[in-house]
Each structure stands twice: as structure tokens, then as C-alpha cells.
Amino acid sequence: MAKITVTVNGKTHTSDVEDRTLLVHYLREHLNLTGTHIGCDTSQCGACVVVVNGKSVKSCTTLAARCDGASVTTIEGLSPDGQLHPLQEGFWECHGLQCGFCTPGMIMAATDLLAQTPNPTDDEIRHGLEGNLCRCTGYHNIVRAVQYAAAKMRGEQVSSPNA
Amino acid sequence: MTAEATTRMVGRALKRREDPQLITGHGNFLDDVKLNGMTHAAVLRSPYAHARIRSINTSKAKALPGVVAVYVGTDMTDVNPLPCAWPAGGFKNNLNTPRAIAVDVVRFAGEAVAVVIAEDRYIARDALDLIDVDYEPLAVVVDPEKATHPGAPQLHENAPNNIVVEWNAGNRDSTNAAVANAQVVVKERIVNQRLMPTPMETRGSIASYESSTGEFTLWSSSQAPHVHRLLLTAFVFGIPETKLRVIAPNVGGGFGQKIFVYQDMVFCMWAARKLGRPVKFVEDRSENFKSSSHGRDHVTDVEICGTRDGRVTGLRIKTYAGLGAYLSTIAPGVATTLYGRIVTGVYKIPNVSIDVIATYTNTAMVDAYRGAGRPEASYLIERMMDRWAAELGMDPAEVRRINFIQPHEFPYNNGLGLLPYDSGNYAPALDKALATIGYADMRREQAELRKQGRYLGIGISSYVEICGVAPTAWANGQGWGAGLWESANVRIHLTGQVVVTTGSLPHGQGVETTFAQIVADELGVPYDNVLIEHSDTAGTPFGYGTYGSRSLAVGGTAMVKSVQKIKEKAKRLAAHLLEANPDDMVFADGKVHVKGSPDKSKTFGEIALYASVGASMPNGEEPFLDETTYYDPPNCTFPFGTHICIVEVTPETGAIELKRYVGVDDVGNIINPLIVHGQLHGGIAQGIAQALFEQAVYDDNGQLLSGTLMDYAVPTAAMLPNYEIDHTVTPSPVNPLGVKGAGEAGTIGSAQCVMNAIIDALSPFGVQHMQMPATPERVWKAMHAHK
């Protein structure tokens, strides 16, 4: 067993976890943050992506014990003030989700992408999200959603593409 | 009524009301459900594709702290095997379906051999390693054609040569004569490879049991909860249907795989009853690949024949369809009716014969996967139309055009046992697609680039498909074992809020949004005042669920008919209140007024309040506005369209770049273009994935080589293009909404579009056909095969 202290979405938790506990299970089972999903067992799908110390990671292949002292942001912590994050808004406006299962991981991965590349080309978005699979959208509207968010985060005027 | 209510909602690209929950992490998917005292199940799966189980020793596993119980197949023989609900084609006592846990013999790698129930999922997994199974390996067959060969390993004693069913449609004699006498005949062997549906959320079940009432509750990642309830109670457990409530929480994609009844539903229910504690099972991805349903798996020999001017006069087909080790819930119907009866596509072909030999193999069960039979049909005919055009040296667009069913020929009977195609006009969709891609210019560019050693390909696919399969009487004639109607209840509450409960089960299709758009317009009430409820057998009328692009055409029509009944009652009540003749009442813009006197009116809200209180109803009228409809359509709908794409093949490596993809789809009237486009995008992506990337591969020992997402190439964003989507609109005459369906059209139109483009690009190398997926290795080999 390991004792860990982790700050998740701004709140500090001290927990005893088995050494082998995966971060995704810690978030989902111990903290009841079920917005982070599990879609595979080989780190391919990205449904489990969260942000740890500012970087997007796959929480299905991260041990909770390694996150001792870390700051973790999950989809639930992306818009703590009740206002949607520009990415959440973009995914809604541009129909960037259908079943919504991949969406939390996709959005969390995109936060890292836009932090590194605030003005991405479509191609950079497509390559930047290579670690996240979506089976519903064919990605077309995900690219639009990320562009929408990128423009908004750059302070540009964006209007609903579907109004 | 507010100003908002007078704004027409149908046709608007409204963003979805489903989304706020999903984008904030507040969705409630199966694995998010937690119950008091819940236990966790893990499954020991056979490593052999075919073996006799000599013995199983579970004592060490049972002794592990935290393990609650370990069960094997013989523990659960008090319940029946899973049912097959669509024994199409007539069965002779050879229908074999799986038990919850295998008894004596395993027939595919991944079949459940034992189930551990433990306090948490880590312990359950640990315990699997402590179970000893002694297997006697048996010979294996995985190929659907080889399974029929003399001497092939036999899976079931009651199925000689592993044959499930031999099925035929069309006219064998006339077709044999047409092929024998034709000016030109083209032959091909076409494989439609096995695929894995891969919803991003895997499947699973949570069962609880209340011993004081004998009632089960099953949470299931399901496309059809009412059907699961029916099949699990009446067929598997032999208990009253009312003793099971099925709840589908948010469902993370289905693509067909979540229509069917599975083993985990049974062992979770069985163990929950035995233990008096809830049991949760959620597949991991490799379990989803090994043991949930697959799709396609056809091997086909086909001949197309006709005259030198391009007219097709005959089509002769023989298909071996692998259905896996056992029959999944609707598998036989997918391989026969949903495939063989639409195999002439958009063309008028006078002589057609199709034989389907469906077989058992030592593989996971095959059943409906997005498109279900129609992608296989569409791929076959569209690939052959290109072969036909190439053989004659004609343009593939022109060959299609001269063989199209003509607009005046609808409703069109294709002679293969379908009800007539409802409506269609195929040339305008082709023309629009050709114009969008700039077809003549692209052909010129292709010729120019070839001179420079660059290989551009242009692929065309004109398709038609079947949505909202119905009516029930026709489906019953195809062996379908239940109904295919759909239901909707509409209630108007005292406050004027509208509640619709539907038997459909949306899992990404945006039904809560589109259904509310329709109701808002029909009743003239604000969109936000309409609530759509679904997904729980306790709160919804019986319905058959969401698949086969049927929710809007069938479920939506049931809802519209209920709304119409509500409007009729509202008119009668308004007539009473206004002391007018009911026949003189007009329902418009959220009000009922007397014909010719718009000021003499009652708002719909006033009528709802009056009916809900119910203090002074006129003679013979019940209080409340509450109407239910069970709607069985008179026919299926037949969406169609033309897709065109451009590829470039790099000759040195065989790599393929998909440069442009244009889809012109006619899905009938469109309620919400944003959602329709999303459905088409996703459908096209799955067809492109089949053409370029995906294949479920078994080795000769029945081991699934593509058993994880490292090996099964579900495409990423970087592997797919943007989609240029346009429409023609030919309303369906089958339903009052004039809608056809859009959930599967993209998939049905796309795989052959990409393959036709690749083979077009490779035509200078003498390539006439190649099998999917067109990996760079296969492309490179094809380019060099004729040197």
C-alpha cells in the first residue's frame, strides 16, 4: 500500500492505495470522478486522458502512487465556475461528439494540444489528437470543435457555426 | 405561446441537448453505476478455439481472500442457452446458441469457461490465474468456406459440414441462361473481411436481484432493452417478463454490437440471484474483441454479365458467410435477407440469383455491424460495376447511369423478395457528386499525372440501402421472430410540459434533440418544453430499440401519430370550451381556433390545463392528454446516394493518400442537418476504415491476432479526411415525416468508393481487383503482380 497526497481539480486528497492501483481507477473508484473513461487496455484509445502537472497523460497506464504530490485535472475540473471551457463549448457548437464516451479524454488531450499550439492547422490538430480514438464522428467535427476553441482562446470573435 | 414557439424547429441545425452532460463528465455510462454491496465479475476465457474441457479446478481461486464465488458452466444449466431471434431461411434442428458459460466443449478462443465473483475487480482478475482447466484441444476451422469442405472439423453434431443454412433468392434458371448466353461475362472472387464494431465503450452488465419479490434489475450497455428483457426472461430464465427491469444508462456507441443478448447478462443475473448481491461485469477491450459480436466475414464468387453496350443482364452470386461458433441474436437474417435481397443495388438487372451458405466456424459470433448485410451487398455490386466498366472500356459513371432504375419505375420491385423500393431518383445524386468533385477535370488531371509517374484514382459508389426494416408481417416471413413496429407515448402535463416516452434507444444519434424538434413544431410549443424519455423498460412502452436506422422513420412516426391523436383530442376539448362544432376546429401555431374566427381560440396550454385538471370533461372524454401509438410501417425506406473520392497511390511504397471524399446522400427529409451530417461522417469513416485499415484476423488455430487496439487499426484523426457532404431530397412516401434514415448510409456507401479509387489508380499496372483492407503492402504487391 502507498499513501498518496494528490490535488485533483483543486481539492487535495490523501489516500491509501494499493501499489498497483491505476490512476484511472483511483479517480473513478476512490474519488468517484467517473467522467474519465476506460476504452481499452493498451493505451490506444485515450478515453482516460487527464492532465497531470499541466501535461496530458493516459491515466490507464499511470500508477496512482506515481502521482503523489501531483496536481491532476479531469474533465469535471475543467470548468469549475460553471462556465463551459472553450473546448467544451466548441464540441457542443460543432457537434464534436455523438455517444460522448471518448469526449472527456478528447477534450483533455486537446487542452494540452492548444497549450502547446495555440494556432494550429487542421493537420496539427489531427496529429495532435492521434492518441485519442473516436468511433462516432469520423473526426471531421472534432477538428472544427478544436479550431473553434483555439480561436476563442486566442481572444477572437467566434460565432456559433450553426446559428 | 411565446415567439420561440412560432419559429419552425424542423430543418434547423440545432446543437444537441444531449451534450452538456457529456462534455462536462457528468454522463452516466455502465461502469459509472455503483450499487450498495456490489461485487465484480471476471471471466476465465478459453485460450483454445476448439477444445473439450476435461476438468476445471476452482478450489485455489475460491480460497483467495476477497473472492465471493467461482462458477463454471455446469453450475448454470438450470437456465437455457441464449436465444436466436432471427432463424432466417428455415432451420432443420441445427440452431446452436451459446450458454452463459461453456459446458464440456469450447468452440472459440475467448469463450467463457469460468466466472469469478469478488469484492473488487483486481481480486477477481487475480483469482482467474488460480483456476486450473484441463483441455483436450480439437481441430479448428476459421474460414467460412473451408468449414464446408469434406473432412473439416465439425463444430456441432447437428450441423453437418458446419452449415447453418443454405439460402437462395432470385431466379437460378433464368440467371444461368443469362450468364451462358451473354456477350460479356466478368467473374471475381470478393472477400468482405471480418470486422470488429469497436464502440468506444465496451459492453457490460450489472444485475441485482430482490429476493422478496423475485425481481431482477439489469443495467446494460444496450441498444434494445425491451428486447433484452423479453429474451432473457421468456427464453433464458423462464420467468415472467415483469420480473426483470432493464435500464440502459448512457451508451457509449453500439454500431450493432449492443443489440444482442450476451452471456454476461445471464451470468450476472444468475449470480446476483444466487448471492443476493449485485454483480457487475465490464469487458476490457481485448474481451470485447474476443467475445462480443463481429461483423461481415463473407467470401463470394460473383459473375456479372450483359451486352457490349454496357447493359447488365445478369448477376450470379455464391456467398459463404461465416457466423462464428454459435448463432448470435439475429445473425442468420443479416447474412441472408439484409444482404441477398438488396444485392442488385441501384440497378435494374433482369436475371439475378444469389446463394448464401452460412456456416459455423471456430470464431467469435458474427452479427449485425453498422449496415448489417447492406454494406456487403453494396460493396459487391459496386465493385462489380467497376469491373464491368473496366472490362468494356467504359466510364464507370456512365455504366452506372445506363443501368440505374429510372425515376418512373418507383415503387420498384427488384425481384429478390423485398417490398418495393419506396422512392428514388438516382441520377441527380450522381450528377451532383460528379459536379462537386469536378469529374471531367479530375480525369484530365489523372491522365496528366500518369505521364509523370503519379497515380491518382477516382472512385465512384452509387448505393441504395434498407432502413426501418418493416412491416412486421413481411419480416416474419423472413424468419424474424418478433415485431418490428415501434412505440411512443406522448403526455401533456398540467403545466403544458410535453413528455414523450419512446421505445427507441438513442446512443449518440441525437434523438432527444430531433424528436423534440418535431414535437415542438407539431404542437406549436417551445422546444424546451418537450422532454424525451427512453432507455428504461420501467418507464417506456415496449419498443424494439435503435438499430437499422429505424428510430426516426419508425419510432419518430409513432411519436407523430401520438401527437396527432393529442391534437384531435385538443380540438374536441376546445370545441366544448368554445361551444363550437369539433369539425370546425383548426389546430395552428399552438392554438385551437374556430375555422374562420382566429380570435375565437384556446391556447394549447389552456387546453392542457383544462384536460389535466379534468373537473368538467365533456361526455365520453377522459381527463388528461395522453396518447400512445404502436406503429408498424407499411414498408422499409430506401436511402440512396453517390459517393466519389480521390486517392493517390505512392508507387514506391504502396501508401495511399485519401485526398478528397464527397458524399451526396438522399436520406429523405432532414430534421436536423447538423446531426445528419454527423451520422454520415461517422458512417463514412467506418467504411473508409474497412477499405484501408481494419481486419479481424484469426490464424489457423483460431487465435485472434488482431486482439487489441494495438493490432486492430481503428483509424485516428490523422488517418481520415474531411468529408464534403451534400444531399438530394427525395421524401419517403412510407412515413408522414418523409424521412428515410441516415445512421448507416455513410458506411454502406463508402468502402467500395475507396476501393474503386485505389483500383482505378492501379489500373495502369493491370490491377482489376484486390481485397480489403488495401494496406500499403497489399497495394505494392498488386502493383508488382503483373510485371
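1. In this predicted model, start with the turn between strands E20 and E21 of chain B. The hairpin they form has 2 residues between the strands, and B:Asp589 takes a positive phi there, near 55°.

2. The strands on either side of that turn are residues 585–588 for E20(B) and residues 591–594 for E21(B). They pair in the antiparallel sense over 4 bridges. To follow the pairing by eye, take B:Met585, whose bridge partner in E21(B) is B:Val594.

3. Which strand does E21(B) pair with through the next hairpin? The partner is strand E22 of chain B, residues 597–603, again antiparallel and over 4 bridges. In this pairing, B:His593 has B:Ser601 of E22(B) as its bridge partner.

4. The hairpin of E21(B) and E22(B) also has 2 residues between the strands. Here the residue with a positive phi is B:Gly596, near 85°. E21(B) therefore takes part in both pairings, counting strands as paired where DSSP finds at least two bridges.

5. Now the interface. How many residues of chain B are in contact with chain A? There are 43 on chain B, and they meet 45 residues of chain A.

6. Three helices of chain B each supply at least two residues of the side that touches chain A: H2 (19–23), H8 (285–291) and H19 (673–692). The largest share, 7 residues, comes from H19(B).

7. By residue class, the side of chain B that touches chain A divides into 18 nonpolar, 17 polar and 8 charged residues.

How values were computed: Residues are numbered from 1 along each chain as its sequence is written. Chains are lettered from A and ligands numbered from 1 in the order in which they are written. This is a predicted model: local features need pLDDT of at least 70, side-chain atom pairs count only at pLDDT 80 or more; totals for chains, interfaces and linings use all residues. Two residues are in contact if their C-beta atoms, placed from the backbone, lie within 7 Å. Ala, Val, Leu, Ile, Met, Phe, Trp, Tyr, Cys and Pro count as nonpolar, Asp, Glu, Lys and Arg as charged, and the others, Gly among them, as polar.
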